[in-house]
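Trainee: Could you pick one part of this model and take me through its surroundings slowly? I'd like to see how that part fits in with the rest.

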Amino acid sequence: MMAAMQAMMPLKGLGPAHALAGTFSDQNLHHGMMVTISMPAVLRMHARRIPERMKMMAEAFPLRTGQTPADAVADMNKRGFNGAKLLQSAKDLIAKHGKA
């Protein structure tokens with residue numbers, strides 16, 4: 001049942017980032033963090049498959065010259081979560097709220 005639901009997520013507008021995050025749901029990692037971590041890869045895939053939509057997204061983002069939306073999200077991830085900080089944040093969330 002869970003696999004069927006996750007397979008439908010991209011078709012319901014939740015997208016591949018949510019599907020990838022769902023893949024890690026049994027590892028006690030926070031879903032939102034996993035969505036954010038997977039987002040640059042998803043945006044890079046979209047840049048190849050739907051470049052016109054990604055161009056519209058790039059125009060809406062406050063990007064540096066030559067920066068893509070995927071680069072911007074990856075930069076935010078680096079500033080907000082380094083490996084040790086991400087792991088500690090995940091552990092803190094699990095401790096506070098139980099299984100993610």
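Mentor: Let's start with Asn77, which lies in helix α5; helices here are DSSP runs of H or I with at least four residues, strands are E runs of at least two, and the numbering goes from the N terminus. Before we go on, keep in mind that this is a predicted model, where local features need pLDDT of at least 70 and side-chain atom pairs count only at pLDDT 80 or more, while totals for chains, interfaces and linings use all residues. Residue numbers start from 1 along each chain as its sequence is written, and side-chain values use heavy atoms, with hydrogens and water left out.

Back to our residue. Asn77 has a relative accessible area of 11%, so it is buried (that means under 20%, with exposed over 50% and partly exposed in between, using a 1.4 Å probe and protein chains only). Setting aside neighbours within four places in sequence, Asn77 is in contact with Thr36, Ile37 and Pro40, contact meaning heavy atoms within 4.5 Å. Take Ile37 from that list: it belongs to helix α3, and its C-alpha atom is 6.9 Å from that of Asn77 although 40 residues separate the two along the chain. Ile37 has 36% relative accessibility, so it counts as partly exposed, whereas its partner Asn77 is buried.

Now step back along α5, which covers residues 69-80 and also holds Val73. Val73 is buried too, at a relative accessible area of 9%. Leaving out neighbours within four places in sequence, Val73 is in contact with Thr36, Met39, Pro40 and Leu43. With Pro40 the C-alpha to C-alpha distance is 6.0 Å, for a sequence gap of 33 residues. Right beside it, Ala74 sits in α5 as well and is buried, with a relative accessible area of 15%. Ala74 touches Pro40 and Arg44, again not counting residues up to four places away. Its C-alpha atom is 9.0 Å from that of Ala41, 33 residues away along the chain. Pro40 keeps turning up, then: it is among the contacts of Val73, Ala74 and Asn77.

So what else does α3 do? Follow α3 to its partner α4 (residues 51-60): the two pack at about 125°, with axes 6 Å apart, where axes are lines fitted to C-alpha atoms, for helices over the stretch in contact, and angles run from 0 to 180 degrees between N-to-C directions. That makes α3 and α4 oblique to each other, since under 35 degrees is roughly parallel, over 145 roughly antiparallel, 65 to 115 roughly perpendicular and the rest oblique. From α3, Leu43, His46, Ala47, Arg48 and Arg49 take part, and from α4, Pro51, Met54 and Met57. By class, that contact has 5 nonpolar, 1 polar and 2 charged residues (Ala, Val, Leu, Ile, Met, Phe, Trp, Tyr, Cys and Pro are nonpolar, Asp, Glu, Lys and Arg charged, and the others, Gly among them, polar). Leu43 is worth a second look: it is in this contact and also in contact with Val73.

Another partner of α3 is α2. The largest nonpolar core has 5 residues, Ala17, Ala21, Met34, Val35 and Val42; a nonpolar core is a set of buried Ala, Val, Leu, Ile, Met, Phe, Trp, Tyr and Cys residues joined through side-chain atoms within 4.5 Å. Helices α2 (15-23) and α3 (31-49) each supply at least two of them, and α3 gives the most, with 3 residues. Ala17 touches Val35, Ser38, Met39 and Val42, not counting residues up to four places away in sequence. Met39 therefore links two parts of our story, being a contact of Ala17 and of Val73. Elsewhere in α3 is His31, partly exposed at 35% relative accessibility; beyond its neighbours within four places, it is in contact with His18, Ala21 and Gly22.

Finally, the overall frame. The protein has 6 helices and 0 strands, and 25% of its 100 residues count as buried. Of the contacts with a separation of 6 or more, 49% join residues 24 or more positions apart.
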